[in-house]
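Please open the model in a viewer and keep the sequence panel visible. The tour below proceeds by selections, each followed by what is to be found there.

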Amino acid sequence: MRSLSTATLAELFASETPQAWLWLLSIYTPEVEGGVIRLVNNMQNVVSRGMTFTAYPFRVLLPSDSEENQPGLQVQIDNVELMLVSILRQMLVPPTCVLELIAMTRADSPEFAVQDLVLRTVEWDAKVVTFNLTHEDVMHAKFPAHTYNPEEFPGIF
């Protein structure tokens with residue numbers, strides 16, 4: 001269970017609050033200058049912990065609570081400028097992403113963060129770029145990682 005600050009709990013349980021909650025999305029890839037793209041779902045840029053997050057419209061679709069599917073989430077980013085599509089076409093390896101939730105008045109201390117997300121699939125059209133983000137798929141990883149056979153390891157047999 002995640003622990004939330006007292007101020008956050010008070011805002012969540014209040015019948016109304018002036019607090020704005022924003023998602024910060026960091027996309028790490030060597031194909032861009034500086035190695036990272038930082039976006040915030042806001043109308044203005046936001047500075048958090050000394051890093052500037054560029055205002056860009058997107059929404060986060062949280063995963064369903066199902067035992068049959070591996071947890072993952074979707075991020076739908078508006079594709080009006082076609083900026084991301086040109087970057088995505090240049091990518092040779094899947095980028096990693098970090099998704100954080102901040103309160104606007106406390107931008108330097110994220111209330112919630114999802115680390116080490118990997119971009120598994122991406123789809124786009126004229127309006128939207130959809131990222132499907134998951135953690136490393138440990139459920140389908142080969143175990144043991146190596147195969148011991150008589151040809152390669154004759155001393156074992």
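**Strands β8 and β9**

Begin by selecting β8 and β9, which run antiparallel and are joined by 6 bridges. The model is a predicted one. Within this pair, W124 stands opposite V129 of β9. Strand β8 covers residues 112-124, and β9 covers residues 128-134.

**The whole chain**

Now display the entire protein as a cartoon. Its secondary structure amounts to 2 helices and 9 strands, and along the sequence these follow the pattern α-β-β-β-β-β-β-α-β-β-β. The C-alpha trace spans about 70 × 40 × 30 Å along its principal axes. The radius of gyration is 20 Å, whereas a compact globule of 157 residues would have one near 15 Å. Of the 157 residues, 32% count as buried. With the surface switched on, the accessible area comes to about 10,700 Å², and 56% of this belongs to carbon and sulfur atoms.

**The sheet**

Select the 9 strands together. They form an open sheet with mixed pairing, in the order β3-β4-β2-β1-β7-β8-β9-β6-β5. Which strands stand at the edges? They are β3 (46-48) and β5; each has a single partner strand, so one side of each is left without a neighbour in the sheet. On average, neighbouring strands of this sheet are turned by 35° against each other, direction ignored.

Add α2 (83-90) to the selection. This helix packs on the sheet and touches β2, β6, β8 and β9; the direction of α2 makes about 85° with that of β8.

**The edge strand β5**

Move to β5, residues 58-61, and show its side chains. In a regular strand, side chains alternate between the two faces of the sheet. Here F58 and V60 make up the covered face of β5, while R59 and L61 make up the uncovered one. Strand β5 pairs with β6 (residues 72-78) in the antiparallel sense over 4 bridges. In this pairing, L61 stands opposite Q74 of β6.

**The nonpolar cores**

In soluble globular proteins, nonpolar side chains tend to be buried together. For the largest nonpolar core of this model, select L25, F58, V75, I77, L99, F131 and L133; of the 25 residues in the core, these touch the most other members. Two or more residues each come from β1 (21-28), β2 (36-40), β5, β6, α2, β7 (96-103), β8 and β9. The largest contribution is that of α2, with 4 residues.

Centre the view on F131. What does F131 touch, not counting residues up to four places away in sequence? Its contacts are I27, L73, Q74, V75, I77, L88, L119, T121 and V122. Another core, of 7 residues, lies apart from the largest one, and its members include L22, V40, I102 and A107.

**Two residues with positive phi**

Most residues other than glycine have a negative phi. Select R49, in the loop between β3 and β4 (51-55). The phi of R49 is positive, near 55°. Is R49 buried, partly exposed or exposed? R49 counts as partly exposed because its relative accessibility is 33%, between the limits of 20% and 50%.

Next select D116, which is found in strand β8. D116 is not a glycine, yet its phi is positive at about 55°. With 58% relative accessibility, D116 counts as exposed.

**Final stops: M91 and V114**

From D116, draw a distance to M91: their C-alpha atoms are separated by 18 Å, and the two residues are 25 apart along the chain. M91 is found in the loop between α2 and β7. M91 counts as buried, at 17% relative accessibility. Neighbours within four places in sequence aside, M91 is in contact with T29 and E31.

Return to β8 and select V114. Is V114 buried or exposed? At 13% relative accessibility, V114 counts as buried. Its contacts, again leaving aside neighbours within four places in sequence, are C97, V98, L99 and H135. A last distance may be drawn from V114 to H146: these residues are 32 apart in sequence and 31 Å apart in space, C-alpha to C-alpha.

Terms used. Residues are numbered from 1 along each chain as its sequence is written. This is a predicted model: local features need pLDDT of at least 70, side-chain atom pairs count only at pLDDT 80 or more; totals for chains, interfaces and linings use all residues. Side-chain values use heavy atoms; hydrogens and water are left out. Buried means under 20% relative accessible area, exposed over 50%, partly exposed in between (1.4 Å probe, protein chains only). Two strands pair if DSSP finds at least two bridges between them. A nonpolar core is a set of buried Ala, Val, Leu, Ile, Met, Phe, Trp, Tyr and Cys residues joined through side-chain atoms within 4.5 Å. Contact means heavy atoms within 4.5 Å. The radius of gyration is taken over C-alpha atoms; the globule rule is 2.2 Å times the number of residues to the power 0.38. Accessible areas come from the Shrake-Rupley method with a 1.4 Å probe; for residues, only the protein chains shown count as cover. Axes are lines fitted to C-alpha atoms, for helices over the stretch in contact, and angles run from 0 to 180 degrees between N-to-C directions.
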